[in-house]
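Could you walk me through this structure stop by stop, telling me what to select in my viewer and what I will find there?

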4 protein chains.
Amino acid sequence: MPLSWNRHGKSGIRLVKVRRPEGGEEGETHGLVDLTIDVQLEGAFEPVYVDGENTGCLATDTMKNTVYALARHDPIDHVESFGLRLAEHFVGRPLVERVRIAATEQRWERVSSGRGPHPHAFVQPGGEQWTALVVRDRTGSSTVTSGLTNLVLLKTAHSAFSGFPRDEFTTLPYTEDRVLATSVTASWTYRAETTDFSARDRIREALLETFAAHDSRSVQHTLYAMGEAALSASADAAEITLAMPNRHHLLVDLAPFGLDNPNVVFVATDRPFGLIEATVRR
Amino acid sequence: MPLSWNRHGKSGIRLVKVRRPEGGEEGETHGLVDLTIDVQLEGAFEPVYVDGENTGCLATDTMKNTVYALARHDPIDHVESFGLRLAEHFVGRPLVERVRIAATEQRWERVSSGRGPHPHAFVQPGGEQWTALVVRDRTGSSTVTSGLTNLVLLKTAHSAFSGFPRDEFTTLPYTEDRVLATSVTASWTYRAETTDFSARDRIREALLETFAAHDSRSVQHTLYAMGEAALSASADAAEITLAMPNRHHLLVDLAPFGLDNPNVVFVATDRPFGLIEATVRR
Amino acid sequence: MPLSWNRHGKSGIRLVKVRRPEGGEEGETHGLVDLTIDVQLEGAFEPVYVDGENTGCLATDTMKNTVYALARHDPIDHVESFGLRLAEHFVGRPLVERVRIAATEQRWERVSSGRGPHPHAFVQPGGEQWTALVVRDRTGSSTVTSGLTNLVLLKTAHSAFSGFPRDEFTTLPYTEDRVLATSVTASWTYRAETTDFSARDRIREALLETFAAHDSRSVQHTLYAMGEAALSASADAAEITLAMPNRHHLLVDLAPFGLDNPNVVFVATDRPFGLIEATVRR
Amino acid sequence: MPLSWNRHGKSGIRLVKVRRPEGGEEGETHGLVDLTIDVQLEGAFEPVYVDGENTGCLATDTMKNTVYALARHDPIDHVESFGLRLAEHFVGRPLVERVRIAATEQRWERVSSGRGPHPHAFVQPGGEQWTALVVRDRTGSSTVTSGLTNLVLLKTAHSAFSGFPRDEFTTLPYTEDRVLATSVTASWTYRAETTDFSARDRIREALLETFAAHDSRSVQHTLYAMGEAALSASADAAEITLAMPNRHHLLVDLAPFGLDNPNVVFVATDRPFGLIEATVRR
């Protein structure tokens, strides 16, 4: 029976690129582009399907590698231009008749404060929700807990993780410079006598500013600093609990393609993820 | 065997309240609060579970009605205060020993333009993504289509839907004043010779401003106006396709509780939803 | 500017039909079909978009009503045939040039036991997961809790809810015959000395059989019976906690279309939902 | 300010273990266990949080490695026993006071046919839906397309991928033995004169049996064989389109821990994924 149409490719390629000024120095401004890319090829691939003959079958793993390698030097100022470059590359491969490059850009904005936009800390607008919980017993008073969830933050400098113990199952190298990304869930309990529930804006601002400014030795370290700052920002909050998943951004190994990767091209991963939680009390 | 713990309630109560100034006139500023509420009761409900004896079992449907009725007059300035009011109500019901009110607030911001914040048009920060699609054939040139998805908009005035045909299956009344909410997906094709792919900001602004300002007779009517404005905003876009699901906000019938509802309390629904799509060409 | 393509319709219409034998008697076998339907119309609707002229604009609410009304008598033996009937209806409406009916069928299987397939109890294969939790303190022994989640069940007979208290916010009528659907989450704690963790199959079977056989006065009533049966089925389980959301199936009011609805056509809703939870101890 | 509670760990560790008989030979029966594991530690970790002092901070990456290493030899007959083993390991680490191991098991059943259960092909009950699409033009006849989606399949033998071209971006090694997993979406168009729409069961069975029995050289190769078998199974289907994402199962490198991994321990990944699509016509 004839194969009347075919297409194969790699979908869901997560690419995060940090744009660093050449010869970048401490304090310089970083850029960030966060894409999910699908590569799809159509062409004369009948032997692959019908006969199990793979000599003309470009592996989808190779497509993925190609995206990361080409992202190393391309500034990706416009996603469309990067898509055109990828399409140009793949249309020249054997048997290919049509290339389709689809990209979705997750948007990031700079963390902003009274001192202006931050050079290397970002917040992702999207999905942040505000929570409130009231528990009332028949006897006794009510407790009110307020919070926010899915406040997505990322910083491209001033994050390290080193000095941790190494046992027989440890392979992670120490690093003094990594991308740190998380989705903050916070909830704070109001003191019993509180009647004004307007602390959220002040607490949210304290969380953002501390995440941005902190010289992080670990997620735990930054979480504690954020919790302390939040309590300092509002006298009505008695304690605060923070949960911060570590949304790992892994440095892509470009050495097989003869390229270096000085903290520029990352793959953002969903699972597994570190999960750090703690409560800070006044 | 003993029942050692029990809890029952209603979860996922969707409440959207429009704050209208008393004696509101054309052009006055509306407020908006959008909540998802869970009500949970613990207490001495053993007979309900063990014996199927319902005389003490507050129906979860009644809990839902209570939320909408109490929302009619409460300003909901702080979600916490509204939660305390609900808790106070339920803790007085028979058998109840503990009440738990959890609320999640979906945040809305005013649409903003050069003329300042809009009095009755809102945008929900969250989940908006930017898309790009490049298709390249071995022979011939590339086509570039750019877009955005999940741009969530809502307006509380200047939206009507009336005059539509009435057949044997039509029950929807005509309305001259409804809440209109949607999640815009837009994609526009660039003219072949385009090399500058920076139209997105101008097109996005045209979509927002037109949605806010348009005197809407239907989703279709507003969609067309938005498409026309988008093409006017960028000479590089040859055509634009818009998909706008109608995220229905249904007016809650409060008459059974002796309350009016002058376009104040709504239930936001997910399914089913109207889906309106069209392409406008230059 | 010209409108070069348009389409409008209703998406996500949830239709659950119970097939009852005519003159059905106690104990007869029920059938079940569970669909999500999208209706989409293309045609000469330019005046609706360009001019806000609605005289030719079939309301998407009317499309939804039409689906429920036509489902009243159609057996829906094959979804395709029902789709053809809907298409035939809509293609005859003014301005319509093309109709697209898409349906997704959620599959249900009969609950089955040693006594064969059950006449009116169903289980939805899909998404069920098995859970286990081990908590180990540095001092003292471990606790092991096992469970299952997302066991989706529905019964079309032997479910009532009446006799509950009626206050100023109660509108729900009493019913002696309703559809009862839920997604069971169960977790049971093993006695400290347990070394054999194979109770799950016996407990799962007890949950299913009790749900099917129980003469339900409420979700709470059935939940307790299921918990009691589960503990009886395994001597290793010390206590069991069950969470059963009430996935409401609302009877569609077909009276405006001159049709009765003797518990045949339902709309399945996602939110809000009742949530019933309890722990039964040995 | 005091840290009143803390917990850190790794969540979402995806572990798929193939149980192969020792000295396994061609045709022997494989077992399969598919888990998502969360490890969480509580303890005296204050210096990590407060001082950024990492000497006692077990890296969450190490926790993940530990799960894979211990899974190499443990039969995982009961998830609870494996959880106890993990808990025992972690409770002995410095500063740890409490360990929490949570596991969710995704269930697989053997593909079954007239010849009985298959030794190395599995189907995941869950989420499969049946689809139908009717398109009706005002003039001319209707077209009916039926299908199914989310039919999740996996095989642990008779799947290879080698001989593909190697360019400057290719790093994937050739393999003659891999785990092949996919979620099949199929849709077939009925011949115009069809009035009986009962082909689905026969087509579904053909898809399953062919997936299980095929000696796969690539996803493409197996997709074509499945399409051909489906058309052979029903004379009413004129053509069939299949989409088969490659749900990659990556062999875990256990060499750093002094362990071999003869196709036993895998990590199941969500993104990126290969996506293979084609249409077979009669």
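The tour below starts at the contacts between chains and then moves inside single chains. Keep in mind throughout that this is a predicted model.

**Stop 1: chains D and A**

Select chain D and chain A together. Here 65 residues of chain D are in contact with 65 residues of chain A. To see what chain D brings to this contact, colour its strand 1 (3–19), helix 1 (46–51), helix 2 (60–71), helix 5 (219–233) and strand 12 (273–281), the elements that each give two or more residues to the side touching chain A. Which of them gives the largest share of that side? Strand 1 of chain D does, with 12 residues. If you now colour by residue class, the side of chain D that touches chain A shows 27 nonpolar, 23 polar and 15 charged residues.

Next, zoom in on strand 12 of chain A, residues 273–281, together with strand 1 of chain D. These two strands pair in the antiparallel sense, over eight bridges. For a handy landmark, label A:Val280 and D:Leu3: A:Val280 stands opposite D:Leu3, which belongs to strand 1 of chain D.

Now zoom out again and look at how the two chains are arranged. Chain D is superposed on chain A by a rotation of 180° with 0.0 Å of shift along the axis, and the RMSD is 0.0 Å. This is therefore the relation of a two-fold axis. To find where chain D approaches that axis, select D:Asp270: its C-alpha is the nearest one in chain D, 4.2 Å from the axis. Both copies use the same surface, as 100% of the contact residues of chain D recur in chain A.

**Stop 2: chains D and C**

Keep chain D on screen, hide chain A and show chain C. How many residues does each chain put into this contact? Chain D gives 39 residues and chain C gives 39 residues. On chain D, highlight helix 3 (79–91), strand 3 (96–106), strand 6 (129–137) and strand 7 (142–155), each of which supplies at least two residues of the side that touches chain C. Strand 3 of chain D provides the largest share of that side, 11 residues. By class, the side of chain D that touches chain C divides into 17 nonpolar, 11 polar and 11 charged residues.

Strand pairing crosses between chains here too. Select strand 3 of chain C (residues 96–106) and strand 6 of chain D: they run antiparallel and are joined by nine bridges. Label C:Arg100, and then look in strand 6 of chain D for its bridge partner, D:Val135.

Chain D is superposed on chain C by a rotation of 180° with 0.0 Å of shift along its axis, at an RMSD of 0.0 Å. The residue of chain D that comes closest to this rotation axis is D:Gly126, at 1.4 Å by its C-alpha. Once more the same surface serves both copies, with 100% of the contact residues of chain D recurring in chain C.

**Stop 3: pairs without a contact**

Show chain A with chain C. No contact joins them, and their closest C-alpha atoms lie 17 Å apart. Then show chain B with chain D: again no contact joins the two, and their closest C-alpha atoms are 17 Å apart.

**Stop 4: two helices in chain A**

Now isolate residues 200–213 and 219–233 of chain A, which are helix 4 and helix 5. Their axes come within 8 Å and cross at roughly 145°, and the crossing is right-handed. Show side chains to see who makes the contact: helix 4 contributes A:Arg202, A:Ile203, A:Ala206, A:Leu207, A:Thr210 and A:Phe211, while A:Thr222, A:Ala225, A:Met226, A:Ala229, A:Ala230, A:Ser232 and A:Ala233 come from helix 5. Among the residues of this contact, nine are nonpolar, three polar and one charged.

**Stop 5: one alanine in chain C**

Move to chain C and select C:Ala206, in helix 4 (residues 200–213) of that chain. Is C:Ala206 buried or exposed? It counts as buried because it has 22 C-beta neighbours inside 10 Å. Leaving aside residues up to four places away in sequence, C:Ala206 touches C:Ala229, C:Ala230, C:Ser232 and C:Ala233.

**Stop 6: a strand with two partners in chain B**

Finish in chain B with strand 11, residues 265–268. Strand 1 (residues 3–19) of chain B joins strand 11 through two bridges, running antiparallel, and strand 10 (residues 249–251) of chain B joins strand 11 through three bridges, also antiparallel. Centre the view on B:Phe266 in strand 11: B:Phe266 is the bridge partner of B:Val16 and also of B:Leu251.

Methods. Residues are numbered from 1 along each chain as its sequence is written. Chains are lettered from A and ligands numbered from 1 in the order in which they are written. This is a predicted model: local features need pLDDT of at least 70, side-chain atom pairs count only at pLDDT 80 or more; totals for chains, interfaces and linings use all residues. Axes are lines fitted to C-alpha atoms, for helices over the stretch in contact, and angles run from 0 to 180 degrees between N-to-C directions. Helices (H or I, at least four residues) and strands (E, at least two) are DSSP runs, numbered from the N terminus. A crossing is left-handed if the near helix is turned anticlockwise from the far one by less than a right angle, and right-handed if clockwise. Two residues are in contact if their C-beta atoms, placed from the backbone, lie within 7 Å. Ala, Val, Leu, Ile, Met, Phe, Trp, Tyr, Cys and Pro count as nonpolar, Asp, Glu, Lys and Arg as charged, and the others, Gly among them, as polar. Copies are superposed by least squares on the C-alpha atoms of residues with pLDDT of at least 70 in both. Two strands pair if DSSP finds at least two bridges between them. A residue is buried if 20 or more other C-beta atoms lie within 10 Å of its own, exposed if 12 or fewer, and partly exposed in between; C-beta atoms are placed from the backbone.
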